[in-house]
Amino acid sequence: MKKPSKSQIRGTTLSEALVGLVILATFFASIFELNAVCLRYIDATKESVAALQHVQDRAEMLRNLAFTDLIDTTAVQTLMATAPNAAPFAQKATETVRISAYPTANGVTQLTRMPNGNVTTDSVATDLGKELVQVDVKVAWTMTLGGRARTEQTTNLLSNGTKK
Amino acid sequence: MKLKLSRKRFAFTLPEMSIALAASSVILGATLTSSTSLQKSFNAIDNYYGTHMQQVRIVDYLSRDVKRGLVVTTSADLQTVTITVPNYIIQAGDAEAVINPALVGTPRTPTMVYTPSGWQVNYGNATSTVVYSINGMSILRSENGTVTTIASSTDQLVPLTTDVELSNTEYTKTSITFQPIFTSGGAVASRSGTTVYSTAYLRNKRRG
C-alpha cells in the first residue's frame with residue numbers, strides 16, 4: 001500500500017485561501033463595475049434621446065412660427081426663452097439657433113440659450129429675405145458618462161407659407 | 001502491513017471545522033447574494049432599455065400621425081388620442097381603384113388649388129381615423145379598424161397627450177412614462193424619471 005504523500009494530506013494554507021479570496025473578490029468587483037457601466041450607459045442613452053427630442057421640439061416650434069416672426073430676432077429670442085419641453089435635460093444643455101437666408105446667405109442670425117434659460121443674441125443677419133431660410137438647431141451638453149462633450153443638431157429649410 | 005500513523009494525518013478538530021464552516025458560509029452567502037442582486041440588476045437594465053426604446057417608437061408613430069393630421073382629439077383621461085388624417089393611400093373601393101384596381105396601395109396624387117391665401121394641397125375629402133389607445137399593458141394604434149401593437153411589454157407605458165389649439169395653429173404635447181422594475185432598499189424606482197417628452201404641430205392645419 002502506498003503511503004499518502006505529504007502534499008496529499010495537508011489542507012489549504014492561509015496564503016492559498018487568501019489568493020482564492022482575492023481572485024473571487026476581483027471577479028465580483030469586475031461584475032459590479034460592469035453593472036455600474038450598464039447603468040451609466042442607460043443614463044447616456046436617456047440623455048441622447050432627450051437631446052434628440054429637444055432639437056426636434058425646438059425645430060417644430062420654429063417651423064410653426066409665422067415667417068415674419070421667424071426672421072424677427074426679437075420674436076425668436078422670446079420663443080427661445082421657453083424650453084422646448086419639460087424635460088430636465090434643458091437645464092444642462094446649451095442651445096444654439098442659426099437662421100440664414102437660403103440658398104444665398106447674407107449674414108447669420110444666431111441666438112444662444114444657456115442652461116439657466118438666458119437667451120443671448122450672438123449675431124443678426126444683414127438680410128434673411130422673404131421666401132426661404134435655413135434654420136440650424138444645435139444643442140451641446142456634457143455627458144454624465146465620462147464627462148465628454150456631446151452635440152446634437154438638425155437643419156430645416158423653411159419657406160414663407162401662410163396659416164389658416 | 002501496518003502503517004505508522006503520523007500526527008499530520010489527523011482530521012480537523014471541531015473548532016477548525018466550525019471556523020472553516022463559518023468562513024465558507026460567509027463567502028458562499030456573499031457570492032449567492034451578489035449573484036442574485038447582479039442578475040436582478042441586469043434584468044432591470046435590460047427591461048429599462050427595452051422599454052425606453054418602446055417609448056421612442058411611440059413618439060415616432062404619434063408624431064408622424066399628428067404632423068399629418070387634420071384633427072386631433074384627446075380623451076378626458078388623456079389616455080386615448082384620435083387623429084383624422086387625409087387618405088394618402090388609394091384603398092379598395094376608392095374612385096381611382098374602381099377605375100384601375102392596380103392603384104390600390106399606391107400613393108394618391110394630390111390636387112393643388114390656388115386660394116386667396118396661397119396654394120393648397122388636397123388629397124380629397126375622404127379621411128382615415130387613427131386611434132391610439134391603451135389596452136392593458138400595451139399601446140395600440142388602430143387605423144380604419146386595423147390594429148397594430150406599438151408597444152407591448154409588462155410595463156405600464158402611459159402616454160399623456162394634451163391637444164392644444166391656439167388661435168392660428170394646433171399642437172400636441174406628449175409625455176410617455178413607464179414603471180421601471182428597479183428597486184432600492186425595497187422602494188420602487190420613480191416613474192417620473194423615465195419621462196420622454198415630445199411636441200408635434202399639425203402641419204395640415206397650417207394650410208392656406
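Me: Leaving aside neighbours within four places in sequence, which residues is A:N156 in contact with?

Reply: This is a predicted model, by the way. In it, A:N156 touches A:A59, A:R63, A:V133, A:Q134 and A:V135. A:N156 itself lies in strand 5 of chain A, residues 149-159.

Me: Why is A:N156 called buried?

Reply: Buried means under 20% relative accessible area. A:N156 has 15%, so the label buried fits.

Me: What makes the pair A:N156 and A:R63 a polar contact?

Reply: The cut-off for a pair of N or O atoms is within 3.5 Å. The side chains of A:N156 and A:R63 come to 3.2 Å, so the pair passes on distance.

Me: And B:T174, why is that one called buried?

Reply: Same reasoning: the limit is under 20%, and B:T174 has a relative accessible area of 6%, so buried is the word. B:T174 is found in strand 9 of chain B, residues 170-177. Beyond its neighbours within four places in sequence, B:T174 is in contact with B:L62, B:L160, B:T161, B:V196, B:Y197 and B:S198.

Me: How do you know that strand 6 and strand 7 of chain B pair?

Reply: Pairing takes at least two bridges. Six bridges join strand 6 (residues 138-143) to strand 7 of chain B, so they count as paired, and they run antiparallel. One of the residues involved is B:S142, whose bridge partner in strand 7 of chain B is B:V147.

Me: Where do those two strands sit in a sheet?

Reply: They belong to an open sheet of five strands in chain B, with the order 1-2-5-6-7 and antiparallel pairing. Strand 1 (71-74) and strand 7 (146-152) of chain B are the edges: each has a single partner strand, so one side of each has no neighbour in the sheet. From one strand to the next, the twist averages 15°.

Me: What lies across that sheet?

Reply: Helix 1 of chain B, residues 14-67, lies across strand 1, strand 2 (81-86), strand 5 (127-135), strand 6 and strand 7 of chain B. The helix runs at about 140° to strand 7 of chain B.

Me: What makes up the lining of the second largest pocket?

Reply: That pocket holds about 310 Å³ of space. It is lined by 19 residues, and the closest to its centre are A:K46, A:A50, A:P88, B:G193 and B:T195. The elements giving two or more residues are helix 2 (14-64) of chain A, plus helix 1 and strand 12 (196-201) of chain B. Helix 2 of chain A gives the most, with six residues.

Key
Residues are numbered from 1 along each chain as its sequence is written. Chains are lettered from A and ligands numbered from 1 in the order in which they are written. This is a predicted model: local features need pLDDT of at least 70, side-chain atom pairs count only at pLDDT 80 or more; totals for chains, interfaces and linings use all residues. Side-chain values use heavy atoms; hydrogens and water are left out. Helices (H or I, at least four residues) and strands (E, at least two) are DSSP runs, numbered from the N terminus. Axes are lines fitted to C-alpha atoms, for helices over the stretch in contact, and angles run from 0 to 180 degrees between N-to-C directions. Contact means heavy atoms within 4.5 Å. Buried means under 20% relative accessible area, exposed over 50%, partly exposed in between (1.4 Å probe, protein chains only). A polar contact is a pair of N or O atoms within 3.5 Å; within protein, one must be able to donate a hydrogen and the other to accept it, and residues adjacent in sequence count only if both atoms are side-chain atoms. On a 1 Å grid over the protein atoms alone, a cavity is a set of points where a 1.4 Å probe fits but cannot get out, and a pocket is an open set with protein on both sides within 12 Å along at least five of seven lines; lining residues have an atom within 4 Å of a point. Grid points are joined across faces, edges and corners, and a volume is the space filled by probe spheres set on the points.
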